[in-house]
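Work through the exercises below with the sequence and the coordinates at hand. Each task is followed by a stepwise solution.

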Amino acid sequence: MSEDIKKTAPQNDESKKQPENISSKDTSENELDIPSTLPLLPVRDIVVFNYMILPLFVGRDKSVQAIDSALNKNRYMLISAQKDEQVEDPGPDDVYKVGTVGLIMRMLKMPDGRLKVLVQGIGKAKIKKFVQNEPFDIVEVEMLKDREFSDPTSESEALLRASREQSEKILGLRGIDAAEIMAVLNSVDDPGRLADLVASNLRMKPAEAQKILECNDPLLRLKMVNEQLVKEVEVASMQAKIQNMAKEGMDKAQREYFLREQLKAIRKELGDVTEGGDDLEQLKTSLKKAGIPAKVMKEAKKQLQRLENMHPDSAESTVIRTYLEWLTDIPWKKKTRDQLEIKKAEKILNQDHYDLEKVKERILEYLSVRKLNPKMKGPILCFVGPPGVGKTSLGQSIARSLNRKFVRMSLGGMRDEAEIRGHRRTYIGSMPGRIIQGMKEAGSVNPVFMLDEIDKVGTDFRGDPSSALLEVLDPEQNHSFTDHYLNVPYDLSKAMFVCTANILDTIPSALLDRMEVIRIPGYTLQEKTKIAKKYLLPRQISENGLDKQKVQLTDAVLKEIIQNYTREAGLRNLEREIGSLCRKIARQVAEGEKGPFKVTKQSVGKMLGIPKFQKEDRDKELPAGVATGLAWTPYGGEILHVEVSLMPGKGKLILTGQMGDVMKESAQAALSYAKSRSLQLGIDEELIDKRDIHIHVPAGATPKDGPSAGITMVSALVSSLSNKPLPNDLSMTGEITLRGRILPVGGIKEKILAAVGSDIKTVIIPDSNKRDFEDIPAELRKNIEVRYVGNIDEIWPILGVKIQKNSCS
């Protein structure tokens, strides 16, 4: 510390009121034979009075030598206060001329070289002159005596009583036991002695204490002390009041904030600082810088004015403060500059994703229009496709190509409307909806905002989130989206919303109408191979800490993994299997092998185990009554077998395999058609009437529904009734009517992918689905023959069923 002398029991410390610090023996300075020259000890921030005993820490070299000199002689020294406590080497003009002669009672050397001395004030003295300055100060002193005190008068008695009473009040206000101290004070009848005794324990500035010390009139000195006592009573009373005010607004859990509350109460009592003034000024500055629209600023100023008039600890004050902080945190004008170079954006899209030409084309179209019309509204796209085809990562790629922030919000399982619109501020713990939270996270008004799994939004008693999304996703409304928490309009029109879904059936029509749907079907074998080679394999090599130069996987090995270890429209399981291969290689590297590591078709089985899917799933020869169909699921296309069995009975139709209502109706329509064409198809009518017909779709644990199995059911039924097996490398899809028409169905690409994956050579699809087949990649079309039919009669020549032309229908 920079101070030379620091008191351990400061002048404003209640510990000085202990009786052991008061000398009970009145010893005259003349009787002590005090020499006329004494070492000088300058002290800071304290004035020593007669009869006062206190410890001092001494650190300056001159002061240490002065104490050593006193100890070597008669232990007396003059203690005088510095005028300016900042002066490190005080001279004759830097100390007060009147001080107190002190007797060194004890001395202790500290480990850091300082001295701790216990001194007692003996008598007042005045410096006549400085005798020596180096190596320490020695001064010539003149002892000062108080004026003689005559017999007690009414004035002196009143001063004595007033001083004792004020002292007792102060002790009481500070919560100190006054019994022992008051006993000592009551035993002192000399005004000068009482003045020194009380002054040594008062909280005074050094200058005020020095004035009292220099006064030689006992009554006048006691009067000065009494004035200080009155001031101290007022201060102590105010302090007690402040403490009570602070405690009233606190409970047991808040007692740790007691000192902070005291400070606030002091500021309030002084009237020079408004509570929370700094925070309010910061809020005002933040609101001005946020670029808030005039209408919103009007509401913000209203709430800010309410906050200024509230107690900072009230519950409503916290609510308003949080509300204003939200207004300053969300972006109002800040936006990122779009990347409008079409070629550069196209390059970024091609780097991140293989194929997906329709999506890339749509994004580049948006950029082109945005370049020509900067004020255009953001599009609202909806990517629909099976899991794992890259819908979410495509949103991130779009944001990167546009140089925009990306925010993702999952809607799966959401059932509360407040998740979208926010909670009203009347609720405890209310906060804005996730749309506003996402905009805050983005930090700009034009992010790419992805609404993931929009087809899995739920509904219950708390509201319908999909209805709340209508305003968010409507370009004509979202420029003034109102969150329940903010309760002011917010412009979402500059954001680009991208939604993802596996199916469209569960999305409300009103919501679907606001979105531009882009379908992302599954990938072909060739596409998966290229994606695995370009993206998946390098990523897994990097994540597993391998050297890409030492890991070798050929296209044939990748195709082996795709065909025998995965069966999906997307790529997630494929990446898992590639990751499993890389981990096996990583273990070999960790065990000391140096590579290179070449994975072959033979080693794939050892590393990944028995193939999970076999090409032999398709029967070499189908028995009569079995037809191969194609089905669409949210996870891609599937091969579907329909089996028909005849048994003695009365023409009853039995349906099993967890068929849905639409599929059951297709089965009934197939039977009705077969009966109506029995003569033409060469089927004995009595056989139908005397047999029960059982139609079963395997994988009975899986629910199935949809109209596209109609053509497959009628083919299997005719095959069973005519006892003619169907080709095993042929599959079909299409909806039938009672008149034999074949209606178009959806999911053609996914179904063709499933057929190619199962080595199907020929596929029969409705004639109306020709336009869908044109969207299928050329390399996929080379691997399969597609036959288009518009009527059920057109399939019989393809299936090898002869029709009797001369029969009536």
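**Exercise 1.** Does Asn403 count as buried, partly exposed or exposed, and why?

Solution. The model is a predicted one. Step 1: Asn403 has a relative accessibility of 46%. Step 2: buried means under 20% and exposed means over 50%. Step 3: Asn403 therefore counts as partly exposed.

**Exercise 2.** Locate Asn403 and Asp45, and describe the backbone at each.

Solution. Step 1: Asn403 is in the loop between α13 (391-402) and β9 (406-410), and its phi is near 60°, a positive value. Step 2: Asp45 belongs to the loop between β2 (37-43) and β3 (53-58), with phi near 65°, also positive. Step 3: most residues other than glycine have a negative phi. Step 4: Asp45 counts as partly exposed because its relative accessibility is 37%.

**Exercise 3.** Establish how strand β8 is enclosed and paired.

Solution. Step 1: five of the five residues of β8 (residues 380-384) are buried, so the strand is largely enclosed by the rest of the structure. Step 2: Ile380, Cys382 and Val384 point one way, while Leu381 and Phe383 point the other way. Step 3: in a regular strand the side chains alternate between the two faces of the sheet. Step 4: β8 runs parallel to β13 (residues 496-501), joined by five bridges, with Phe497 as the bridge partner of Ile380. Step 5: four bridges pair β8 with β14 (residues 516-519), again parallel, and Cys382 has Val517 as its bridge partner there.

**Exercise 4.** Connect Leu473 to the largest nonpolar core.

Solution. Step 1: that core has 53 residues, and Leu473 is one of those with the most contacts inside it. Step 2: residues touched by Leu473 include Ile380 and Phe497.

Note on methods: Residues numbered from 1 in each chain as written. Predicted model: local features only at pLDDT ≥ 70, side-chain atom pairs only at ≥ 80, totals over all residues. Heavy atoms only, no water. Buried < 20%, exposed > 50% of the residue type's maximum accessible area, 1.4 Å probe, protein only. Helix = DSSP H or I, 4+ residues; strand = E, 2+ residues; numbered from the N terminus. Pairing = 2+ DSSP bridges. Core = buried A, V, L, I, M, F, W, Y, C linked by side-chain atoms within 4.5 Å. Contact = heavy atoms within 4.5 Å. Lists of a residue's contacts leave out its neighbours within four places in sequence.
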